[in-house]
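Here's a quick briefing on how some helices and strands pack in this one. Have the structure open alongside as you read.

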Amino acid sequence: MAASVALPAAGAPAEKAPETVPETVVVTAARMLDVQSGRMVDRPVVTVVDGKVTAVASGGAVPAGAKRVDLGDATIVPGLIDMHVHLTSLAEVGGYQTLKYTDSFWGAVGVANAAKTLRAGFTTVRNVGASDFQDVGLREAIDGGWVVGPRIVAAGYAIGATGGHCDDNALPPSYDKKLPSVVNSPEEARAKVRWLHKYGAEVIKICATGGVFSLGDSVGGQQLSLEEMKAIADEAHMLHMKVAAHAHGDEGIKTAILAGIDTIEHVSLASDEAIRLAIARGTWFDMDIYNDDYILATGTANGTEQESLDKERMIGLKQRQTFQRAVRAGVKMAFATDAGVYPHGDNAKQFAKMVEWGMTPLQAIRAATLNAAEALGRDDVGVIAPGRWADMVAVSGDPTADVRVLEHPVAVVKGGVRVD
């Protein structure tokens with residue numbers, strides 16, 4: 001009898017759920033930089049439905065019933081993109097000082113770093129290396145609305161050779177630790193890509209050469225073979241994933257380009273031959289030319305080993321000179337900072353360095369917007385245009401005249417929602 005009351009009669013239509021009306025938001029400001037044309041748009045009216053842009057106009061009325069986000073006498077640019085960050089690292093804690101903290105500490109500070117990064121105007125980042133898939137978990141927490149942060153393209157572990165930059169050389173053999181990131185053959189490399197993809201990686205990061213902060217290796221020495229790099233690139237591309245290669249030395253850079261790697265990180269010691277090869281293959285350069293200032297200014301205070309400082313002194317200026325040559329030659333360039341080597345939230349300080357070493361302000365801004373989106377293979381970020389996420393940064397003044405205004409955003413909007 002109770003069942004006959006609770007259940008509808010056979011054949012009766014099910015009760016219809018109430019329809020939800022998509023939320024409409026309109027973002028207005030004094031000016032908008034159209035990064036595609038390079039022109040300023042006066043009195044932009046950006047209409048957003050369910051987080052994505054549906055229309056962009058100059059002037060006009062706000063649609064009835066829409067929620068308005070008025071950014072006042074500001075200039076809006078697309079949400080900025082950083083192609084090389086380490087959200088679960090701290091510049092303030094380096095070298096052997098990191099051993100004072102438990103493993104889960106790094107995932108916890110990643111939450112704070114993600115919030116700093118978003119509030120600094122970076123609405124999308126590519127996290128190229130984190131232990132224990134912490135960047136994947138952070139991405140899931142942000143996408144689920146549990147914590148505040150940018151859109152994350154996560155790599156999980158970075159792949160490298162035994163004893164290389166992606167291995168851990170800081171401890172003696174009695175503490176030998178077999179990192180999940182280490183490979184020693186093309187077959188192992190291919191399997192590692194599949195494993196990373198299985199557990200949530202969206203991009204693959206490899207260590208093609210030695211590095212500044214790895215101990216006991218040559219900063220420019222190649223550490224993966226052409227066959228290993230090619231196996232990684234082929235497998236990743238089959239899975240529709242991009243590949244980024246940490247590479248300081250010229251031979252490692254050229255080998256990575258020949259292997260089909262999509263973006264080369266750092267690129268400190270690239271020769272003219274490597275630059276020509278990158279242009280011919282359409283390879284992107286992601287060059288972190290700001291953090292040299294921070295590394296050398298802080299010295300060993302944050303735990304950085306003297307060996308690492310010596311390496312940085314050796315390549316810092318050369319990297320900026322390489323950047324200058326690459327810009328002049330016309331290499332495809334995207335914005336990448338290596339945040340985590342310097343404090344998170346200071347990402348925009350690199351814009352001024354990029355201008356100092358050869359870019360126009362508009363070129364530098366494009367590197368962090370439409371160029372970075374193209375390098376990521378994404379058509380939903382990087383531009384304020386219909387179909388893209390409504391990610392915007394508001395600044396005082398004209399960033400094409402003074403790119404430093406990007407260091408101090410007055411407002412950040414992610415998915416049509418103003419960030420607190």
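In which sense does H4 pass H5, left-handed or right-handed? The crossing is right-handed. Keep in mind that this is a predicted model. The bullets below start with the annotated region, then go through the two sheets and three helix pairs.

**The annotated region**

- An unreviewed UniProt entry carries the annotation "domain: Amidohydrolase-related" for residues 75-416.
- Across residues 75-416, the chain comes out as 36% helix and 14% strand, and the C-alpha atoms at the two ends sit 16 Å apart.

**The four-stranded sheet**

- One open sheet has four strands in the order S5-S4-S1-S6, and its pairing is mixed.
- The edges belong to S5 (52-58) and S6 (67-70); each has a single partner strand, so one side of each has no neighbour in the sheet.
- On average, neighbouring strands here are turned by 20° against each other, ignoring direction.
- Inside that order, S1 (residues 24-28) and S4 (residues 44-49) run antiparallel and are joined by five bridges.
- If you want a spot to click on, Val-25 stands opposite Val-48 of S4.

**The five-stranded sheet**

- A second set of strands, S11-S12-S13-S14-S15 in that order, makes an open sheet of five with parallel pairing.
- At its edges you'll find S11 (203-207) and S15 (332-334), each with a single partner strand, so one side of each is left without a neighbour in the sheet.
- The twist from one strand to the next averages 30°.
- S11 pairs with S12 (residues 242-247) in the parallel sense, over five bridges.
- Cys-207 is placed opposite His-246 of S12.

**H4 against H5**

- H4 (residues 186-198) and H5 (residues 226-238) have axes that come within 8 Å and cross at roughly 30°.
- That crossing angle is why the two helices, H4 and H5, count as roughly parallel to each other.
- On the H4 side, the contact uses Pro-186, Ala-189, Arg-190, Val-193 and Arg-194.
- H5 answers with Glu-227, Glu-228, Ala-231, Ile-232, Asp-234, Glu-235 and Ala-236.
- Sorted by class, the H4 contact with H5 has six nonpolar residues, six charged ones and no polar ones.

**H5 against H6**

- H5 also packs with H6 (residues 250-259): their axes come within 8 Å and cross at roughly 40°.
- H5 and H6 are therefore oblique to each other, and their crossing is right-handed.
- Leu-226, Met-229, Lys-230 and Ala-233 of H5 meet Gly-252, Thr-255, Ala-256, Leu-258 and Ala-259 of H6.
- By class, the contact of H5 with H6 has six nonpolar, two polar and one charged.

**H8 against H9**

- H8 (residues 291-298) and H9 (residues 306-329) pack at about 150°, and their axes are 10 Å apart.
- That angle makes H8 roughly antiparallel to H9.
- The way H8 passes H9 is a left-handed crossing.
- From H8, the contact takes in Asn-291, Asp-292, Asp-293, Ile-295 and Leu-296, while H9 brings Leu-309, Glu-312, Arg-313, Gly-316 and Arg-320.
- The residues of this H8 contact with H9 split into five charged, three nonpolar and two polar.

Conventions:
Residues are numbered from 1 along each chain as its sequence is written. This is a predicted model: local features need pLDDT of at least 70, side-chain atom pairs count only at pLDDT 80 or more; totals for chains, interfaces and linings use all residues. Side-chain values use heavy atoms; hydrogens and water are left out. UniProt positions are given in the numbering used here, feature names are shortened, and annotations may be inferred rather than shown by experiment. Axes are lines fitted to C-alpha atoms, for helices over the stretch in contact, and angles run from 0 to 180 degrees between N-to-C directions. Angles under 35 degrees count as roughly parallel, over 145 as roughly antiparallel, 65 to 115 as roughly perpendicular and the rest as oblique. A crossing is left-handed if the near helix is turned anticlockwise from the far one by less than a right angle, and right-handed if clockwise. Contact means heavy atoms within 4.5 Å. Ala, Val, Leu, Ile, Met, Phe, Trp, Tyr, Cys and Pro count as nonpolar, Asp, Glu, Lys and Arg as charged, and the others, Gly among them, as polar. Two strands pair if DSSP finds at least two bridges between them.
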